[in-house]
Amino acid sequence: MSRKPRIRSGSGVTMHDVARAAGVSAITVSRVLNQPQQVSPQLREKVMQAVDALAYVPSRSARTLASARSRTVLVLIPSLDNTVFLDTLAGIESVLDAAGYQMLIGNSHYDSEQELQLLRAYLQHQPDGVLLTGLTHAAPFEDILRRRALPAVYMMDLADDGRCCVGFSQENAGAAITRHLLESGKRRIGFLGAQLDERVLKRLDGYRAALEEAGCRDAGLEWLDPSPSSMRMGAAMLEAALAARPDCDALFCCNDDLAIGALARCQQLGIAVPERLAIAGFNDLQPAAWCTPSLTTVATPRRAIGSHAARQLLRLIAGEAPEAAQTDLGFQLMLRRSS
């Protein structure tokens with residue numbers, strides 16, 4: 001009677017190797033990988049620790065063996081509803097398509113654990129490299145990339161630890177727009193923050209640093225909500241801010257959605273912008289220039305970040321050194337009538 005063949009990953013590690021390391025049967029490993037809902041969380045975690053430790057990835061096709069290129073790149077982003085990341089994807093696609101690569105897109109919904117599960121799931125497709133949003137990820141994430149020797153480029157921010165990244169300083173951008181509000185004569189400048197991902201918090205750090213320099217920082221002028229951002233939220237936060245601190249004379253909103261909602265509510269309430277209250281946003285989305293008054297904001301090079309990051313990743317996949325470990329594409333203040 002013939003033996004059932006062992007299922008191997010591209011690295012030569014078998015499912016039986018994982019089973020031995022985890023102290024379970026190969027059937028249990030298969031169930032964890034293919035029907036995780038049928039396995040207890042404790043057992044699932046035990047098996048996944050062995051999977052990560054052995055860098056095991058079940059290969060779905062002979063064409064994606066380690067000796068071959070899949071011609072795919074995994075792109076992990078936190079949202080498909082946010083124009084910022086759609087623009088970034090457009091930049092990535094323009095480069096990868098010309099090079100004969102396809103994108104595998106994973107949407108983490110700003111959840112680091114979900115991002116980790118996406119990485120594990122998509123590794124079964126044997127991507128040649130990964131494009132990541134931001135610098136902070138779940139603990140096993142970096143270990144998995146390292147064990148798989150998988151080229152990766154980090155987007156939207158700058159790292160000083162040698163990781164290949166393409167973006168701009170979120171903190172410097174937050175400080176720059178705050179200094180503009182100070183230079184326009186405002187002194188009681190509030191901050192409206194939503195979602196509170198790492199990039200928003202770095203903008204907040206920049207805002208705080210600029211106010212500290214000017215001797216104007218007031219912690220009572222910060223309004224932070226971890227919920228997803230929206231124009232409706234911006235309108236509601238504007239009302240809450242002025243109710244709590246009627247002396248507030250400017251608002252730096254962590255993105256344009258909040259700022260546009262705040263502007264609209266000012267119109268409804270008859271609040272003069274920028275005379276009574278200056279408002280600034282972040283990202284320079286298309287509606288920003290068409291608001292009444294037009295919105296002061298920070299233009300971010302989203303599409304360029306995507307295209308530069310894709311080119312850097314292709315160099316890494318080819319075994320070449322990146323043009324630079326850190327590519328700073330900068331930002332631009334768009335000074336309009338709201339400030």
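Analyst: Helix axes are lines fitted to C-alpha atoms over the stretch in contact, and angles run from 0 to 180 degrees between N-to-C directions. This is a predicted model, in which local features need pLDDT of at least 70, side-chain atom pairs count only at pLDDT 80 or more, and totals for chains, interfaces and linings use all residues. Residues are numbered from 1 along each chain as its sequence is written, and side-chain values use heavy atoms, with hydrogens and water left out.

User: Why is α1 called oblique to α3?

Analyst: The axes of helix α1 (residues 15-22) and helix α3 (residues 41-54) cross at roughly 125° and come within 9 Å. Roughly parallel is under 35 degrees, roughly antiparallel over 145, roughly perpendicular 65 to 115, and the rest oblique. The crossing angle therefore makes α1 oblique to α3.

User: What makes the contact between them?

Analyst: On α1, Asp17, Val18, Ala21 and Ala22 take part, and on α3, Lys46, Val47, Ala50, Val51 and Leu54 (contact means heavy atoms within 4.5 Å). Seven of the residues in this contact are nonpolar, none polar and two charged.

User: Which residues of helix α6 are buried?

Analyst: In α6 (residues 139-147), Phe141, Ile144 and Leu145 are buried, meaning under 20% relative accessible area with a 1.4 Å probe, protein chains only; exposed means over 50%, and partly exposed lies in between.

User: How do you know that they share a side of α6?

Analyst: They cover an arc of only 95° around the axis, so they are on the same side of α6. The face turned away from the buried side carries the exposed residues Ala139 and Arg146.

User: What do the buried residues of α6 pack against?

Analyst: Their partners are α3, β1 (72-77), α5 (112-122), β3 (129-133) and β4 (152-155).

Notes: Helices (H or I, at least four residues) and strands (E, at least two) are DSSP runs, numbered from the N terminus. Ala, Val, Leu, Ile, Met, Phe, Trp, Tyr, Cys and Pro count as nonpolar, Asp, Glu, Lys and Arg as charged, and the others, Gly among them, as polar. The arc is that of the directions from the helix axis to the C-beta atoms.
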